[in-house]
Amino acid sequence: MLQIEVKDVYKSFKDVQAVRGVSLAIQPGEFVALLGPNGAGKTTMVEMMEGLRKPDSGEILIQGKNWKKHERELRKIIGLSLQETRFAEKLSIRETLRLFAGFFDLGNERVNEVIALTGLESKQKSYVGTLSGGQRQRLALAVALLNTPQVLFLDEPTTGLDPHSRLDLWNILRLLKEKGNTTLILTTHYMEEAESLCDHIIIMDEGKILREGKLEDLLDEESHNLDELFINLTGKTLSEVPTLIP
Amino acid sequence: MKPIQNTQLYQLSKAYFLEIIREPEVLFWGMIFPVLISIGLGLAFTQSTDTKFHVLMVTEHHTELDDMLTEYAKTSQNKNGNELSVWKITDDILGNTEFSFERSDWHSAIISLKRGEAELIVGDSLGELRYHFDPHNSQAQLVYMKLSALMKSPATTGSSDSEAFIEPLTLKGVRYIDFLIPGLITFGMMGSIMWGISYTIIERRSQKLLRRMVATPMKKTNFLIALMVVRTVMNIVEALFLFFFAWLIFDIEIQGNIGALFVIFLAGNIAFTGIAILISSRTSKTEVGSGWINAVQMPMMILSGVFFSYHNFPEWSLGVIKLLPLTAVTDGIRSIFIEGAGWVEIITPTLALTAFGLICAIIGLRWFKWY
C-alpha cells in the first residue's frame, strides 16, 4: 500500500492558485524532497497532506485513509515541523517535549530518547527563549519525532540555519533514514539538501509538478545538477525570489 | 490506567501554570498591585482628614463676608505669595473644614475654576453676595451649601448643632473599604481572565503554536479547559492574597456564606472565560485582540460599580448596567461580603453568569480559528 497518495489536488487563496492539479504517490520508507523556489506551492501542498488545510478539489490519502474520516488515527502516526512555529519561550526544552508527549500519552522515557537522538541533552533545562536558531530547529524536530511517526513532514527545516547547524540536522535525518521505519516528506529550496538526503525528488513551481523521480533519472547531459535542471525547466534559478510586482 | 502526569490536561495545565509564574510582572500586576490600590484608596477614604475648600472673591463692594472674615478668619499667604483669609471650622464628627478665601479678578477666577483649583466664586451686586458655580458639580454644591449655612450662623463654627442630630454608624461593612474590596476582587478577576486567556490564545495563534498543537491528537477542549482551570486557580490565590491584606490592614470581614461566595466566584470565572474565548476566537493580531479586550473591559470598569456605586448613574441606565456580567458578579460578591447574603440571594446571578459564559464559549468555539 502507498504511504501517501495525492490525486489531482487544487487549492487557491482568493485570486492566487497555490496548487494546480498535483498528483503524486509516495512509497513507505521513502525520503522525498519537494523542491522549488519560494511561492512554488510546496508549503500549501504539505499542509494539505498534513491535514491542516483542505484541498478545493482532489483527494489525499495517508495509508489509504482520508483526513475527513480518520483524523484522530492519522494524527497519531504523523509527525511534523511547520515553518515559523514558536514554542513557549518560558518553558524549557524538556518541559516543551513533556507537554507534547502528553498529547500522545507518552511519558519521560520517550522524551529522554528524542532528547538524546537530537543531541539536546546539555540544553534540556534551558528555556526555549534562550536557544539559537539551530537548537530551536532541533527542538522542532524532536517534537515531530516524539510519537515515532510513520510519516514525517518537515517544512523547510534548515532555512536560515548556518552550515554547521544544517549539517547537524541532516545527520539526525540520516540516522532516521538508516532505521528505515519513517517516510519523510521534506520541503526545501536547497538543492544540496534534496540531493544529500532524499531518494525521490519532486520539483515544483507555480503550483505544479514540473518533474519528479530519482536524482540519477532526473539528471542528463544538459542538466548536471538540480539547479541546472531547474533553470532548463523554468528559465530561473531555485534561489530566485519571486517578485511581487509584475 | 495511565499516570496523571501523562494526561493531556495535566501537561497543558502544568505548562500554562509554569509560563505564568515565570513572568514576575504577572505576579506584580495580579497580586501586589491590587493590594497597593486597596491600601491607597482605603486609606484615602477612611482617614478623617480636614476638608479644604478654595473660594475666590471677586467682590467690588464691601459685603457681609468681609466683616465675617475680619472677625473669624486668619490671614496667611499661599505658595504664590497671594494673601488668603483662612476660616477654620472644627467638627469632631464630620471632620474639620477649612475655607481659604482669595481675592481675584473675574478672568483669573474663571481660569482657576476651569483648572479645578477652586470650586466657587463669590461676587456681589451692590454689596449683596452672589455665588457662581457649576450647579451640576456636587463638590461645588457642597461648598456653596456649607458656606451659605456658615454665613447664616457663623458663631456656631459648624459643630454644636450637628452633634445633636448625627449618630455615626459604626456597623461593619459600611466603610468605603468594605465596598471597595469586593469590587477589586471582581475587577482583578475580569482583567486576569480577559488578558490571561484572550491574549494567550491570540498570541499562540500568531506564533503558529495553536496550529502545531492541533496537528497532534490533543483534544481542543482540553486546551481551553486547562487555560480556564489555571486562570481560576490563579484568581483564587490573588483574591485570597488581597483579602488577607484587607483583613490585616482594614479588618475586613465576610459576613455571608463562604460556600455561596465560592460558587458565585466560579460563575464569574465561567462568564469571563466565555467572553475571553469569544473575543479571541478569530484574530491572530495581538493589536486587534487588545482593542477588543479594552472595548469589553472599559465600559464594565466604569459602569459596574467597582470603585463607586453605579446608582449615581441616570435611572434609565441602571437596568442595562445591572445586566453587565461584572455588575452581576460584583453585586453578588459584595452582598455576601457586606450584607451577609447567602445561597438564596446568589442563585439568580450565578445561573445567569454561568449561562452567559457558556453561550459565549459555545459561539466562540463555533467561530474559533485554530490556524
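**Exercise 1.** Starting from His54(B), which stands opposite Ser100(B) in strand 4 of chain B, work out how strand 4 of this predicted model is paired with strand 1 and with strand 3 of chain B.

*Solution.* Begin with the side of strand 1 (residues 51-57) of chain B, which runs parallel to strand 4 (residues 97-103) of chain B and is joined to strand 4 by seven bridges. Next, turn to Val86(B), whose bridge partner in strand 4 of chain B is again Ser100(B). Strand 3 (residues 83-89) of chain B pairs with strand 4 in the antiparallel sense, over six bridges. Ser100(B) therefore has a partner in His54(B) and another in Val86(B), as DSSP bridges define such pairing.

**Exercise 2.** Describe the side of chain A that touches chain B: how many residues does chain A give to the contact, and which helix supplies the largest share?

*Solution.* First, count the residues: the contact takes 24 from chain A and 22 from chain B. Then look at the elements of chain A, where helix 2 (67-77) and helix 3 (93-103) each supply at least two residues of this side. The largest share, six residues, comes from helix 3 of chain A. Finally, sort this side of chain A by class, which gives 11 nonpolar, three polar and 10 charged residues.

**Exercise 3.** Decide which element of chain B has the lowest mean pLDDT and which has the highest.

*Solution.* Chain B as a whole averages a pLDDT of 89, and 95% of its residues score at least 70. Among its elements, helix 6 (residues 160-165) has the lowest mean, 57, whereas helix 10 (residues 258-279) has the highest, 97. Where pLDDT is low, the predicted coordinates should not be read in detail. For the model, ipTM is 0.88 and pTM is 0.82.

Definitions and conventions:
Residues numbered from 1 in each chain as written. Chains lettered and ligands numbered in written order. Predicted model: local features only at pLDDT ≥ 70, side-chain atom pairs only at ≥ 80, totals over all residues. pLDDT = per-residue confidence, 0-100. Helix = DSSP H or I, 4+ residues; strand = E, 2+ residues; numbered from the N terminus. Contact = placed C-beta atoms within 7 Å. Nonpolar A, V, L, I, M, F, W, Y, C, P; charged D, E, K, R; others polar. Pairing = 2+ DSSP bridges.
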